[in-house]
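Hi,

Here is the model I promised to pass on. Have a look at it first, and then read my notes underneath.

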Amino acid sequence: MERQFSSYEALFVFDLDLGDEGIKAIIEKFKGMIESAGKIIEVADWGKRRLAYPINDKNEGYYTLITFEGPADLPAEINRVFNITEGTMRAMVTKAVKPTAKTGMPSAASVSWPSNTSGDPSANRTGSSASRS
């Protein structure tokens, strides 16, 4: 039976104290892990960027975005390895949503919406003044 693959994006932020060689080695480590279980679509090195807020008293980090396809258990394994790898500051693995041809945005069918289908935004509130009227 063939394994079902989904599309994912992994964004990593690495500590600049690792140096160029150290950062490249960690990127290769994650690429190898992904290739062993799935298929890499694209690797985008965003390079050195300023962080939105300090992490571990650092104001800059090295960003890398990896787009890949893999089995459902691969993102959890990437996060597990990320947490035990020295020099990684942050990582986020998300399921990629394919954009529609017209707008370039995800289709409405692929986005989960709140359970309120009545069209009344106050129906989602609990304990608000809207429910007491």
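Before anything else, a word on terms: two residues are in contact when they have heavy atoms within 4.5 Å of each other. Bear in mind that this is a predicted model, where local features need pLDDT of at least 70 and side-chain atom pairs count only at pLDDT 80 or more, while totals for chains, interfaces and linings use all residues. Numbering starts from 1 along each chain as its sequence is written, and side-chain values use heavy atoms, with hydrogens and water left out.

Let's start with Ser 7, which sits in strand 1 (residues 6-14). Strands here are DSSP runs of E with at least two residues, numbered from the N terminus. Not counting residues up to four places away in sequence, Ser 7 touches Phe 68, Glu 69, Thr 94, Lys 95, Ala 96 and Lys 98. Its relative accessibility is 18%, so Ser 7 counts as buried (buried is under 20% relative accessible area, exposed over 50%, partly exposed in between, with a 1.4 Å probe and protein chains only).

Next, the aromatics. Rings of Phe, Tyr and Trp (its six-membered ring) pair if their centres lie within 6.5 Å; planes under 30 degrees apart make a pair stacked, over 60 edge-to-face, and the rest tilted. That rule gives four aromatic pairs. Phe 12 and Phe 14 are stacked, because their ring centres are 5.8 Å apart and their planes are at 15 degrees. Both Phe 12 and Phe 14 are buried, and ring pairs join them with Phe 30 in a cluster.

Phe 12 turns up again around Tyr 63, a residue of strand 3. Leaving out neighbours within four places in sequence, Tyr 63 has contacts with Leu 11, Phe 12 and Val 13, and also with Ala 44, Asp 45, Trp 46, Gly 47, Arg 49, Arg 50 and Leu 51. Tyr 63 is buried, since its relative accessibility is 14%. From its C-alpha to that of Met 89, 26 residues away along the chain, the separation is 10.0 Å.

Finally, check the backbone in the loop between strand 2 (39-55) and strand 3 (58-70), where Asn 56 is found. Phi of Asn 56 is near 50 degrees, a positive value in a residue other than glycine. Asp 57 belongs to the loop between strand 2 and strand 3 as well, and its phi, near 60 degrees, is also positive without the residue being glycine. Asn 56 is exposed, at 61% relative accessible area, and Asp 57 is exposed too, at 77%.

Cheers

Terms used: Helices (H or I, at least four residues) and strands (E, at least two) are DSSP runs, numbered from the N terminus.
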